[in-house]
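Good morning, colleagues. I should like to take you through one model, beginning with a helix pair and ending with aromatic rings.

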Amino acid sequence: MGQILRKLFLSAVLGVLLLLFLEIVSFGLFWWREGEAFRWSRTASQRAEVGRVPQAEDAPPPAIEEEIQAFKDEVVQPFLGFVIDPGSNVDRDGQHLIISPEGFFRRRNPFPQPSDDPLHIGVLGGSVAFIFAFRGGEVLVDNLLERPELAARGVVVDSWGLGGYKQPQQLMTLNWVLARGYPLDVVINLDGFNDIALAQTENRYRKVSPFYPRSWNVRVEGLPTGEAAALVGRAAYEQERRRALARSFSQAPWRWSVTANLVWRSLDARAVESIAEAQVAAAAAPAADGEGNAGDFVARGPAYTYRKGDQPKVAEELVAFWERSSRLMAGLCDSQGIPYFHFLQPNQYPEGAKPLSSEERRVAYSENRPYRAVVQGGYQMLRDAGARLAADGIAFHDLSMLFADVRETLYIDDCCHLNQRGNELMAAAIVEILMRELPEKTLSETTRTATPAEE
């Protein structure tokens, strides 16, 4: 009996030593892979975030998080493509954003102004622009109010952008806002990513014109087919599996093991790829006509042939379209005496755009994300087009390398969206340009000619 107990004891000791050795190896492997030492508290926080335990610091406000989800509460608008249904306000009780009668986001409780004629800054673009108007807008306002003439007038930042907007939606929105008579003293157009990414990763697979709004056929043909609905369900299922995985590894004893946490990170990365694959497959599924009929003009617009290997050609056409649209916006603003500023938004995928933190490498960068190749190939084209705009006197500014030396975590997903700190840094860069380039006349008096509309 004594011999058996000794063997059991030795086996237990060897087992413990083996586990300790494995933990030490995993600690070193983690450091080599992530570029920093393993910390239980940080990894637990990351698992909690994935498992949807509340982590408020970097999460977008509820209304913003909802809006980023494609097609949520969106309705067709005859001139702009789509807007948010104002009736969806019933789902946003208690949130700080509401939907205006025109279908754009507004603050539930606007900041009080010192006069009845504040400077109105309109921000146009996609979701990055729309989120920036609210999360970076306060930085713009606070800095501009340092000017005595603006301190007396007040400053309002209005969002006229929505998730998924790309040219010519910015151009059409500008026309619509001016035609409707809304106050507009300065225009900021913050875009670029959607203009090259969405057409090539969504419209392309549905044979929709790259110049039409994103996934236009789905909007005008009604609900997706059973196949598309099943693929959307698959993406939701994969997302829930990812949450469940994070919750499982948050239980004892796994949460205390470096090895188990390393395994979880690998499984989580694979889960992110599975979700992206399901989303791409859903975008490529046949539309509601049941046959994916490419000849349906209402759903797909002017015939456009996508061929294998023609991505550079498509990108060139999209960038030229983007450039022409910006020129038209500048001309329209000039005709109304409104200063126009065009900014190329930053993104994590262009080479050298940002040294990614370990958190960003985990949640904000994916080798398999379709956006990656499109953006890496297209951003230089956007920069070149922007240089042409600037050479012709248009106030274009390239922010694509704004975060080239910033190592802290700024990106919150593997698309393009920034946390609060990222929006504040972008706002600081933009306000510096505005303070330097805004005409004195714009600061001191209203130059708009339209009669303000009622919202």
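**Helix packing and aromatic contacts**

The axes of helix 8 and helix 13 come within 9 Å and cross at roughly 130°. This is a predicted model, in which local features need pLDDT of at least 70, side-chain atom pairs count only at pLDDT 80 or more, and totals for chains, interfaces and linings use all residues. Residues are numbered from 1 along each chain as its sequence is written, and side-chain values use heavy atoms, with hydrogens and water left out.

Helices are DSSP runs of H or I with at least four residues, numbered from the N terminus. Axes are lines fitted to C-alpha atoms, for helices over the stretch in contact, with angles from 0 to 180 degrees between N-to-C directions. Helix 8 and helix 13 are therefore oblique to each other, a term for angles outside these classes: under 35 degrees roughly parallel, over 145 roughly antiparallel, 65 to 115 roughly perpendicular.

Which residues meet across this pair? From helix 8, Asp195, Ile196, Ala199, Gln200 and Arg204 meet Gln311, Val314, Ala315, Leu318, Val319 and Trp322 of helix 13, contact being heavy atoms within 4.5 Å.

I turn now to the rings. Rings of Phe, Tyr and Trp (its six-membered ring) pair if their centres lie within 6.5 Å; planes under 30 degrees apart are stacked, over 60 edge-to-face, and the rest tilted. By this rule the count comes to 15 aromatic pairs. The ring centres of phenylalanine 211 and tyrosine 304 are 6.1 Å apart with planes at 90°, so this pair is edge-to-face. Phenylalanine 211 lies in the loop between helix 8 (193–206) and helix 9 (216–220), and tyrosine 304 in the loop between helix 12 (297–300) and helix 13 (311–335), 93 residues apart.

Phenylalanine 211 also pairs with phenylalanine 321: their centres are 4.8 Å apart and their planes at 50°, so the pair is tilted. Phenylalanine 321 belongs to helix 13, 110 residues from phenylalanine 211.

Are these rings buried or exposed? Phenylalanine 211, at 24% relative accessibility, is partly exposed, whereas tyrosine 304, at 18%, is buried. The classes are buried under 20% relative accessible area, exposed over 50%, and partly exposed in between (1.4 Å probe, protein chains only).

Finally, Phe82, Phe104, Trp160, Tyr165 and Tyr182 form one aromatic cluster.

Definitions and conventions. Helix = DSSP H or I, 4+ residues; strand = E, 2+ residues; numbered from the N terminus.
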